[in-house]
Amino acid sequence: MAAVEVRDLRKRYGSFLALDGVSLTAQTGQLVTLLGPSGCGKSTTLRCLAGFLDPDGGSISIDGSDILGVPANRRGFGVVFQNYALFPHMTVAGNIGYGLKLQKRPKTEMAERIADAMRLVRLQGLEDRYPRQISGGQQQRVALARALVLRPRLLLLDEPLANLDARLRDEVRWLIRDVQQESGITAFYVTHDQSEAMAMSDMVAVMKEGRVAQFATPREIYQKPVERYVADFTGEANFLSCTRVAPVAGGYDIEVAGAHLRVAGVPGIRDRAELLLRPEALSIAPDTGQALFQGRVEKLAFLGASQHCEVRLPDGGALKLAVQANRPVGVGDQAGIRIDSEHAWLMPEVRQ
Amino acid sequence: MTRGARLRLLLALPAVALIFVFMVLPITNMVEMSFRTLGTTAPFGDSYTTGHYSRILSDGYYWQVLLRSLVTALLVTLLCLLVSYPIAWHMSKAHGFKAVMLYALIASPLMTGVLVRNFGWMIVTALNGPLNETLLGLGIIERPLRLLFTQGLVVLALVHVFVPFMVLPINNALRNIPPALVEASSSMGANRWQAFRDVILPLSFPGIYPGVILVFVLSIAAYVTPALLGGQMVSYMPTLIVAELNGTFRWPLGSALAIVLAVVTLICVAAFTLLTAKLMEKSRA
Amino acid sequence: MTDQTNTFGNRRVMAPAFGLLIVLLYVFLLAPLVTIVGASFTGGLLMRFPPEGLSLQWYREFFARQDLVDGLLMSLRIGTVTAVVTTAVAIMAGLAGQVISGRWSGWFQIGMTLPLLVPELLTAIGLLFFLYKIELGKSVIGLQIGHILMSFPYAYVSIVAALRQVPVSLEEASASLGASGWQTFRLVILPLVMPGVAMGGIFAFINSFDLYTVSLLLKPLGGNTLPLALFDFLTYEFKPTAAAAATISILLSILGVALVQRLVGLQRAF
């Protein structure tokens, strides 16, 4: 198995800077997710790892040895592509066994390993079908089996769930995670879906314009983002500008929307800061005395398990929060909002 | 089908009439003609015979000409494929302005007449033409090559005429192969050659197939090139047929020859289709 | 992006060799055409490439030769009629083809492109006999019919491709706004497919201009098209006049290619 270190990766297409110094690490057996919108450099990073692309600068090493000079076909990595890239003219077994055939493995070993791989992704019985004869979910499993059958040092997955419908996506997502953990293989996973990233990863790298904005565990990324971009990309978020910030031991004393409170936050904030409040950190207070903020309910939508509610604050700011499904609230009501300051997080304010 | 749609079908009438009256009827008529006796005052006689076919099939000369046409067409098809594949590959990788220029390079010869292009080879391969001058200059040959009116030049000129017909479908097929498939094969350990052999070549077959059929059918029936560049000494089926029609005015014999040629062509096409049916079925993604 | 990959390594060794091969193949493709154009401008008396000095004397010679000029005029006339007739017939056939569905649609396509699929020689022979039978043998009308038949598929294929780009919903929208079938065609469909129609006309014209075998078998007495006249000329006198004639034909096809690129783009046309 393999520990991976990516250091200061750079890639430029004409005037477009695709990678602007990307650094990442993966410990043996970890699943590292590259998360970000399209064009952020996540796929480019993965393609450099796979050897499909030469970076202009930087290094990639596995267990200490540099692999940038090694062509893709000798890296021994398994790759799962966004559109699966199954060979349409080969059967399922042909696709899975292609790499083994290139290695000129004996027939019996090939058959055995193909069967093992098919069992691993629960595909038994489809050996002789062609890719166009099986469903999207099944194609995805073939792609996974094909990447794993060669026992790669590293598994690279490029938006593997993007073309599946929501129900299948869940199922295949767990399959990928299970298989990855069972085999203890190190994996890089590219996605633009934050829920996928949260659920599957050991580490998440949130990428922005060719750089890694934050590289941390999913919990840290969600609860302690280093900047608004990361908070925005990892889930529903409210931001309130602070009018006064004072560092104290273990956090900050702040004044926000007319209220004073003490919160934790990104170290080293000096003056301008904004407060991150996830919707689940907010609730409507039963009586206004317990409320930190007062506002008017502006929008309300029944979602089934809960209600989505937007409250306008007197100073102009707005808060989105989830309200219990049966709580009697109406548009135009005055509401007091309580916050759970454990889940509030202070970040430096970025001038846009 | 609605009444409007049925009325709209009537718009096809002129085209259907054109094809039916001036193509289907005449070719059926040609079959009938091939069984007519030879005439003395007209190009054909009034009664019927199977004599032309038995004459063709029993005369070694006709077999020899047929074989020459067949071998030439096969050779032209094969050479066309070898020449066209790299061009199509190169073309399929191009985008934007470069792609437009390459398309223009392929399309311009295609839209220039066969006669003009063959005539170009007459100048190129003349005794003191640019080809001989270049080869002499490079020291590859010691005296100029006599190429005009040789079978080799006929093959060369036919390849030149038909390359675009092969390049365009193969280019289209190559463009339809997702680059990820090649990357996938390399991630599984395939080198450049293996990726080509196992992925690109089979998946470009949907372009190779029509190219091969088209070039074979067109080259076996090509008249201009052998007539202009083949010289008087050597006959090919098309020149023989035209000589019977325009020279000796033995239309029934000419028809019978044309039908023999058509049948042989069809047999070849059918054989190729059957032989490659499985590959075609698989590679049609 | 593909040329940026290092998927297989050792690109530096493979690329130049392949590049040289490609250059040689393109030289092969263009050599005859370049040679003709070059030879047509020669100042000398022999058909030579590279030309000896530059002069337009062979163009003057071409336009002084009645047989060649007659051929050119004949070809232009027949090509123009062919382009007009084939596009009109092909538009109608294309519109009809749209309401044919399923298996029949495939057969209809094959039927309409039949003159392209059957070798020219066979069609020409059939027509020769048939026109003789209906007493149009060796007539200009007979030759014109042959050209229209042989060029029709080119117009048809271009026009059908253009019609396919027009969504059916546009026709439905037009009808829902009160347009008759003819109004919908004239005001909605025709403007949208006009580039395809023009391209079809160009292809039909150029195909007609280049046809040889059909013309050879159907030519009227004393009336030659340019390729026929050129062939005869080449057989009896091998002079640079022929290169001048051929260059005119090459220029015409380059003009055609440029027009097609302007109208719909070469990549979509071929």
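Me: Let me start with one residue: is A:Arg151 buried or exposed?

Reply: Good place to begin. This is a predicted model, and burial can be read by counting neighbours around a residue. A residue with 12 or fewer other C-beta atoms within 10 Å is called exposed. A:Arg151 has 11 C-beta neighbours inside 10 Å, so A:Arg151 counts as exposed. You will find A:Arg151 in the loop between α4 (136-148) and β7 (154-158) of chain A.

Me: What is the phi of A:Arg151?

Reply: First the general idea: most residues other than glycine have a negative phi. A:Arg151 has a phi near 50°, a positive value in a residue other than glycine.

Me: Which value does phi take at A:Ala85?

Reply: A:Ala85 is not a glycine, yet its phi is positive, at about 50°. A:Ala85 lies in the loop between β6 and α2 of chain A.

Me: And is A:Ala85 buried or exposed?

Reply: Use the neighbour count again, with a cut-off of 20 or more for a buried residue. A:Ala85 has 25 C-beta neighbours inside 10 Å, and therefore counts as buried.

Me: Can we move from single residues to a helix? How many residues of helix α1 (residues 42-50) of chain A are buried?

Reply: Here you apply the count along the helix. Nine of the nine residues of helix α1 of chain A are buried, so this helix is largely enclosed by the rest of the structure. Among them are A:Lys42, A:Arg47 and A:Leu49. After α1(A) comes A:Gly51, with a positive phi near 95°.

Me: Where do the domains of chain A begin and end?

Reply: The domain assignment gives domain 1 as 4-228 and domain 2 as 236-348. To see how they sit, look at their centres and then at their contacts. The centres, taken over C-alpha atoms, are 38 Å apart. Six residues of domain 1 of chain A are in contact with six residues of domain 2 of chain A. On the side of domain 1 that touches domain 2, two residues are nonpolar, one is polar and three are charged.

Me: Now for the other chains. How many residues of chain A are in contact with chain B?

Reply: For an interface, count the residues on each side, then ask which elements and residue types supply them. Chain A gives 19 residues, in contact with 19 residues of chain B. On the chain A side, β6 (77-80) and α2 (92-102) each supply at least two residues. That side divides into 12 nonpolar, six polar and one charged.

Me: How many residues does the contact take from chain C and from chain B?

Reply: The contact takes 66 residues from chain C and 70 residues from chain B. Helix α1 (residues 11-40) of chain C provides the largest share of the chain C side, 12 residues. By type, the chain C side holds 50 nonpolar, 14 polar and two charged residues.

Me: At what angle do helix α2 (residues 13-34) of chain B and helix α6 (residues 120-133) of chain C pack?

Reply: For a helix pair, read the angle together with the distance between the axes. These two pack at about 80°, with their axes 8 Å apart. Angles of 65 to 115 degrees count as roughly perpendicular, and α2(B) and α6(C) are therefore roughly perpendicular to each other. The residues that meet include B:Phe22, B:Leu25 and B:Met33 in α2(B), and C:Leu122, C:Ile125 and C:Phe130 in α6(C). The contact of α2(B) with α6(C) divides into 12 nonpolar, three polar and no charged residues.

Me: How many helices and strands does chain B have?

Reply: Chain B has 15 helices and zero strands. Its C-alpha atoms fill a box of roughly 75 × 75 × 35 Å along the principal axes. Of the 285 residues of chain B, 47% count as buried.

Me: Where in chain B is confidence lowest, and where is it highest?

Reply: Start with the whole chain, then look at its elements. Chain B averages a pLDDT of 91, with 99% of the residues scoring at least 70. The lowest mean, 82, belongs to helix α1 (residues 3-9) of chain B, and the highest, 95, to helix α4 (residues 60-92) of chain B. For chain C the mean pLDDT is 89, and 96% of its residues reach 70 or more. For the model, ipTM is 0.87 and pTM is 0.87.

Notes
Residues numbered from 1 in each chain as written. Chains lettered and ligands numbered in written order. Predicted model: local features only at pLDDT ≥ 70, side-chain atom pairs only at ≥ 80, totals over all residues. Contact = placed C-beta atoms within 7 Å. Helix = DSSP H or I, 4+ residues; strand = E, 2+ residues; numbered from the N terminus. Nonpolar A, V, L, I, M, F, W, Y, C, P; charged D, E, K, R; others polar. Domains from an automatic or database assignment. pLDDT = per-residue confidence, 0-100. Axes fitted to C-alpha atoms, helices over the stretch in contact; angles between N-to-C directions. Parallel < 35°, antiparallel > 145°, perpendicular 65-115°, else oblique.
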